[in-house]
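Got the viewer open and a free hand on the mouse? Here is a walk through the model, one selection at a time.

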Amino acid sequence: MWKIHFILLFSRQGKLRLQKWYTTLPDKEKKKIIREIVQIILSRNQKTSSFVDWKDLKLVYKRYASLYFCCAIEDQDNELLTLEVVHRYVELLDRYFGNVCELDIIFNFEKAYFILDEFIIGGEVQETSKRSAVKAIEDSDMLQETVEEYMNKPAF
């Protein structure tokens, strides 16, 4: 069964922008893993493979503009499927933000997490339709705006 253990988004400078863990680990261990993985990936030549054997897992990563998207999967899991999942997440971000950039993730991280949670739950892809995932996000935005309008109306 194909399953993602965690997803990391980080910049070319090594700044972590988003992390989602589907495996329970202590915070100290997570920080150590993040440091190690960021160092491994940033030190690799751009012409090398996007797959790295790491401990008992496999790292699958892709760079889009100034951000690296990295997933950890089981050693025997399908790397190409994982690259496709990463690409789909980027497409969802692009569709929502309109050509997503690092600043969109920094200033709207809650939306980036929401989009990820609409797409992947428990390390497994839940929604393959871009249209359905984006519709859920737009519905959430509309609900939030409605609640804000309601809360700003004067009470009599």
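Select N99 to begin: at 62% relative accessibility, N99 counts as exposed (buried is under 20% relative accessible area, exposed is over 50%, and partly exposed lies in between, using a 1.4 Å probe and protein chains only). N99 sits in the loop between α2 and α3 (102-107); helices here are DSSP runs of H or I with at least four residues, strands are runs of E with at least two, and both are numbered from the N terminus. Look at the backbone too: phi of N99 is near 60°, a positive value in a residue other than glycine.

A word on what you are looking at: this is a predicted model, where local features need pLDDT of at least 70, side-chain atom pairs count only at pLDDT 80 or more, and totals for chains, interfaces and linings use all residues. Residues are numbered from 1 along each chain as its sequence is written, and side-chain values use heavy atoms, with hydrogens and water left out.

Now jump to K55, which has a positive phi of about 50° although it is not a glycine. You'll find K55 in the loop between β3 (51-54) and β4. With a relative accessible area of 55%, K55 is exposed.

Move along to K58, in strand β4 (residues 57-64). Is K58 buried or exposed? K58 counts as buried, at 8% relative accessibility. Where does its side chain go? The side chain of K58 reaches the backbone oxygen of D75 at 2.8 Å, a polar contact (a pair of N or O atoms within 3.5 Å; within protein, one must be able to donate a hydrogen and the other to accept it, and residues adjacent in sequence count only if both atoms are side-chain atoms). Show the surroundings as well: leaving aside neighbours within four places in sequence, K58 is in contact (heavy atoms within 4.5 Å) with V52, D53, C71, A72, I73, E74, D75, D77 and E79.

Next comes Y68, in strand β5 (residues 67-74). Y68 counts as buried, at 8% relative accessibility. Beyond four places in sequence, the contacts of Y68 include L8, L9, F10, I41, L42 and Y61. For a link across the chain, pick L16: Y68 and L16 are 52 residues apart in sequence, yet 9.5 Å apart in space, C-alpha to C-alpha.

Cysteines next. How many disulfides does the structure hold? The count is 0, a disulfide being a pair of cysteine sulfur atoms within 2.5 Å. C70 is in no disulfide, and the nearest cysteine sulfur, that of C71, is 6.6 Å away. C70 is buried, with a relative accessible area of 0%, while C101 counts as partly exposed at 35%.

Time for the helices. Two packed helices are described by the angle between their axes and the distance between the axes. Colour helix α2 (residues 79-97) and helix α4 (residues 109-119): their axes come within 10 Å and cross at roughly 130°. Axes are lines fitted to C-alpha atoms, for helices over the stretch in contact, and angles run from 0 to 180 degrees between N-to-C directions. α2 and α4 are therefore oblique to each other (under 35 degrees is roughly parallel, over 145 roughly antiparallel, 65 to 115 roughly perpendicular, and the rest oblique). Among the residues making the contact are V85, R88 and Y89 of α2 and K111, A112 and Y113 of α4.

Stay in α4 and select I115. I115 counts as buried, at 0% relative accessibility. Not counting residues up to four places away in sequence, I115 touches Y89, L92, L93, Y96, F97 and I137.

Now add helix α5 (residues 130-152), whose axis comes within 10 Å of that of α2, crossing at roughly 45°. α2 and α5 are therefore oblique to each other as well. To see where they meet, show R88, E91, L92, R95 and Y96 in α2 with K130, R131, A133, V134, I137 and D141 in α5.

Last stop: H87, also in helix α2. H87 is partly exposed, with a relative accessible area of 31%. Add F69 to the selection: H87 and F69 are 18 residues apart in sequence and 9.0 Å apart in space, C-alpha to C-alpha.
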